[in-house]
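Colleague: Before I trust any of the labels on this one, I'd like to hear where they come from. Can you take me through them?

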Amino acid sequence: MTVDPNAATQSWPSPEPERRPGPARYLIPALVAAAVAVALGAYGKVHDPTGTAFNLAGFSSTGAVKSWLATVAFFFALVQLVSALMVYGKLPGPSWSATLHRWSGRVAFLVAVPVAVHCLYALGFQSYESRVLWHSLLGCFFFGVFSAKMLLLRSERLPGWLLPIMGGLVFTALTILWLTSALWFFRTFGVTT
C-alpha cells in the first residue's frame, strides 16, 4: 500500500473550547428552591386548616402517626449522612455506598411527604409559639432546598463542595424538623403508637 503525499489530508475537527457554566446553572435551582419554599408557606398560611388529613389504623392519634413517620425519615436521613461520608471517602464503606445513599434518600423523602402533606393541609403555616414557627419555616425551607439539590444533581462539573453543602442543609433542616415535632411529641405525650 502506498500513500500519495499530495493527497488532501483529513482534518479532525478541532476540539471545542471548554465552556464554563454560566450563573443560570446555579440561579435556576436557587429560584426553584425559593419558589417552592414560598409557595408552600403561602399555601399553608392562606389555607384554612382542617385539623386532620389522615390517620392510620393501629396508631392512637394523627400526632403519633406523624411522629413515627418523621422518625423513620430522620433515621434514613442519618443513613444518608453516613453513606455520604462513605461516598466522599471520609468513612470506610462498601462498594455499594452510593446505592445506599440514593435509596435511603428516596425512602426518607417518600416517608416525609405524607407528614408534610398533613402538616400543610391539617395545620397550615402556624406561628403561635417559637417552636411551631421554626417548624413551619424549616418545613418550607426543607422542601425548597431539597428541590434545589435534586436539580443540581443533574448538573455536570459542579464544584466539589456544592453537593455536600446542599446535602448538609437538607439534613440540618430535617433534623430540626424532627426535633421540633416528633421529639417534642414523644417528650410531651410519651412514646406511643
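Modeller: Sure, starting with contact, which means heavy atoms within 4.5 Å. Among contacts in the chain between residues at least 6 apart in sequence, 73% join residues at least 24 apart. One caution: this is a predicted model, where local features need pLDDT of at least 70 and side-chain atom pairs count only at pLDDT 80 or more, while totals for chains, interfaces and linings use all residues. Residues are numbered from 1 along each chain as its sequence is written, and side-chain values use heavy atoms, with hydrogens and water left out.

Colleague: How many helices and strands does the chain have?

Modeller: Five helices and zero strands, so the elements read α-α-α-α-α from the N terminus on. Those are DSSP runs numbered from the N terminus: H or I over at least four residues for a helix, E over at least two for a strand.

Colleague: What makes α4 roughly antiparallel to α5?

Modeller: The angle. α4 (residues 130-153) packs against α5 (residues 162-189) at about 150°, with the axes 9 Å apart. Angles run from 0 to 180 degrees between N-to-C directions, and axes are lines fitted to C-alpha atoms, for helices over the stretch in contact. Over 145 degrees counts as roughly antiparallel, under 35 as roughly parallel, 65 to 115 as roughly perpendicular and the rest as oblique. That makes α4 roughly antiparallel to α5.

Colleague: And why are α3 and α4 called oblique?

Modeller: Helix α3 (residues 97-123) and α4 cross at roughly 140°, their axes coming within 12 Å. That angle falls in none of the named ranges, therefore the pair is oblique. Residues that meet there include Phe-109 and Ala-112 in α3, and Phe-143 and Lys-149 in α4.

Colleague: Is Phe-74 buried or exposed, and how do you know?

Modeller: Its relative accessibility is 14%, so Phe-74 counts as buried; the cut-offs are under 20% relative accessible area for buried, over 50% for exposed, and partly exposed in between, using a 1.4 Å probe and protein chains only. Phe-74 sits in helix α2 (residues 62-87). Leaving aside neighbours within four places in sequence, Phe-74 is in contact with Phe-171, Leu-174, Thr-175 and Trp-178. Leu-174 is 100 residues away in sequence, yet 6.8 Å away in space, C-alpha to C-alpha. Across the chain, buried residues make up 34% of the 193.

Colleague: What makes Gly-160 exposed?

Modeller: Gly-160, in the loop between α4 and α5, has a relative accessible area of 62%, so the exposed label fits. Gly-160 and Tyr-88 are 72 residues apart in sequence and 10.0 Å apart in space, C-alpha to C-alpha.

Colleague: How do you know that Glu-129 forms a salt bridge with Arg-131?

Modeller: The closest N and O atoms of Glu-129 and Arg-131 are 3.3 Å apart, and a salt bridge is a side-chain nitrogen of Lys or Arg within 4 Å of a carboxyl oxygen of Asp or Glu. A search of the whole structure finds one salt bridge. At 36% relative accessibility, Glu-129 counts as partly exposed.

Colleague: So what about Lys-149, which is buried: how far away is the nearest side chain of opposite charge?

Modeller: That is Glu-156, 18 Å away, and Lys-149 has no salt bridge. For charge, Lys and Arg count as positive and Asp and Glu as negative, with His and the chain ends not counted. Not counting residues up to four places away in sequence, Lys-149 touches Gln-80, His-101, Leu-163, Met-166, Gly-167 and Val-170.
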